[in-house]
Amino acid sequence: MIVWSSPLDVSTYAGSGRDVGPPAVRCPACGGPTGRWSGYRRHLRADVLLVVFVPRVRCRDCGRTDALLPWFVVPYRYDSVDVIGAALDLSVTGLGVRRIAAALGRPETTVREWCRRFGRVAADLTRVVLAEAVERGWSGFDLPTASRPRAAAAVAALASAWSRRRGPVSAWRVAALVTGGTLLAPNTGSPLAGMAVSRQMAGTPRSQPGGDPWPPATPLKPSPSGDTT
Ligand SMILES: [Zn+2]
């Protein structure tokens with residue numbers, strides 16, 4: 001699975017069918033060139049329920065295939081990263097699950113699961129995201145000390161570093177991008193725990209033909225793209 005920063009908004013992306021303009025990417029395993037390799041459709045609940053196309057690529061050297069997940073899609077989750085991130089931002093303000101669920105029009109059980117997941121990955125998320133923010137010129141300090149507010153502040157810091165160079169962005173999309181989509185996926189444990197920052201940096205090509213300074217990061221272990229087909 002490779003997460004990429006689609007410039008399209010969610011509804012335009014959904015309306016584009018298969019023509020979603022994915023980037024040329026290198027194989028996360030061997031660095032070889034990849035070519036388009038079909039793809040699949042899945043549901044995505046944003047403001048409304050949409051169907052989006054997720055392209056796949058196949059490595060021409062080693063044969064590995066990867067889904068190219070636009071950064072607003074979370075593996076195994078119906079809801080967009082923007083919706084889930086909004087819930088998490090509300091949760092760190094102290095709002096309870098019931099009121100968050102009502103505010104966003106989502107089931108309480110779903111929101112509770114997002115918040116639990118966030119609690120499990122918060123420390124690792126902070127580490128990975130802050131390292132990336134610093135790398136990108138963020139020099140703030142004075143973050144909250146409590147785990148979850150600290151993680152949310154780190155995500156905001158990274159988004160501010162992004163926005164300076166690339167314009168306004170939904171903060172949680174950038175977090176999804178640099179964590180390779182593992183951030184909010186409903187895995188057990190914390191896949192970010194195994195993501196050493198140095199390895200992540202080393203594994204992330206800094207310059208590619210086309211020169212995108214924010215290439216998609218990939219987790220050390222391949223995660224299932226795990227989507228409803
Ligand atoms: Zn390969």
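Strands β2 and β3 run antiparallel and are joined by 10 bridges. They make a hairpin, with three residues between them, and if you look for a pair facing each other across it, you'll find Thr34 standing opposite Cys59 in β3. Keep in mind as you look around that this is a predicted model.

Now let's widen the view to the rest of the sheet. Four strands make up an open sheet with mixed pairing, and their order is β1-β4-β3-β2. At the edges sit β1 and β2 (34–45), each of which pairs on one side only. On average, neighbouring strands here are turned by 30 degrees against each other, direction ignored. Over at the β1 edge, β1 and β4 run parallel, with three bridges joining them. Trp4 is a handy landmark there, since Trp4 stands opposite Pro70 in β4.

What about the chain as a whole? Its secondary structure comes to seven helices and four strands, and reading along the sequence gives the pattern β-α-β-β-β-α-α-α-α-α-α. The protein chain has 229 residues, and 41% of them count as buried. If you take the contacts between residues at least 6 apart in sequence, 65% join residues at least 24 apart.

Next, the inside. Nonpolar side chains tend to be buried together in soluble globular proteins. In this model, the largest nonpolar core has 59 residues, and the ones touching the most other members are Ile84, Val129, Val155, Leu158, Ala175 and Ala176. Several elements each supply at least two residues of this core, including β1 (2–4), β3 (49–59), α2 (81–92) and α5 (147–166). Which helix gives the largest share of this core? That's α4, with 11 residues. Val129 is a good place to zoom in: leaving aside its neighbours within four places in sequence, Val129 is in contact with Ala154, Val155, Leu158, Ala175 and Val178.

Helix α4 also has a partner to look at. Helix α3 (residues 97–104) and helix α4 (residues 108–135) pack at an angle of about 115 degrees, their axes 9 Å apart, and α3 passes α4 in a right-handed crossing. On the α3 side you'll see Val97, Arg98, Ile100 and Ala101, which meet Glu108, Val111, Arg112 and Cys115 in α4. Sorted by class, this contact has five nonpolar, no polar and three charged residues.

A few single residues round off the tour. Gly15 lies in helix α1. Is Gly15 buried or partly exposed? Gly15 counts as partly exposed because it has 13 C-beta neighbours inside 10 Å, while a buried residue needs 20 or more. Gly15 and Phe53 are 38 residues apart along the chain, yet their C-alpha atoms are separated by 9.5 Å.

Two more residues are worth a look for their backbone angles. Most residues other than glycine have a negative phi. Ser38, though not a glycine, has a positive phi of about 60 degrees. You'll find Ser38 in strand β2, and it is exposed because it has 10 other C-beta atoms within 10 Å, with 12 or fewer being the cut-off. Tyr76 isn't a glycine either, and its phi is positive at about 70 degrees. Tyr76 lies in the loop between β4 and α2, where it is partly exposed, with 16 other C-beta atoms within 10 Å.

Methods:
Residues are numbered from 1 along each chain as its sequence is written. This is a predicted model: local features need pLDDT of at least 70, side-chain atom pairs count only at pLDDT 80 or more; totals for chains, interfaces and linings use all residues. Axes are lines fitted to C-alpha atoms, for helices over the stretch in contact, and angles run from 0 to 180 degrees between N-to-C directions. A crossing is left-handed if the near helix is turned anticlockwise from the far one by less than a right angle, and right-handed if clockwise. Two residues are in contact if their C-beta atoms, placed from the backbone, lie within 7 Å. Ala, Val, Leu, Ile, Met, Phe, Trp, Tyr, Cys and Pro count as nonpolar, Asp, Glu, Lys and Arg as charged, and the others, Gly among them, as polar. A nonpolar core is a set of buried Ala, Val, Leu, Ile, Met, Phe, Trp, Tyr and Cys residues joined through C-beta atoms within 7 Å. Two strands pair if DSSP finds at least two bridges between them.
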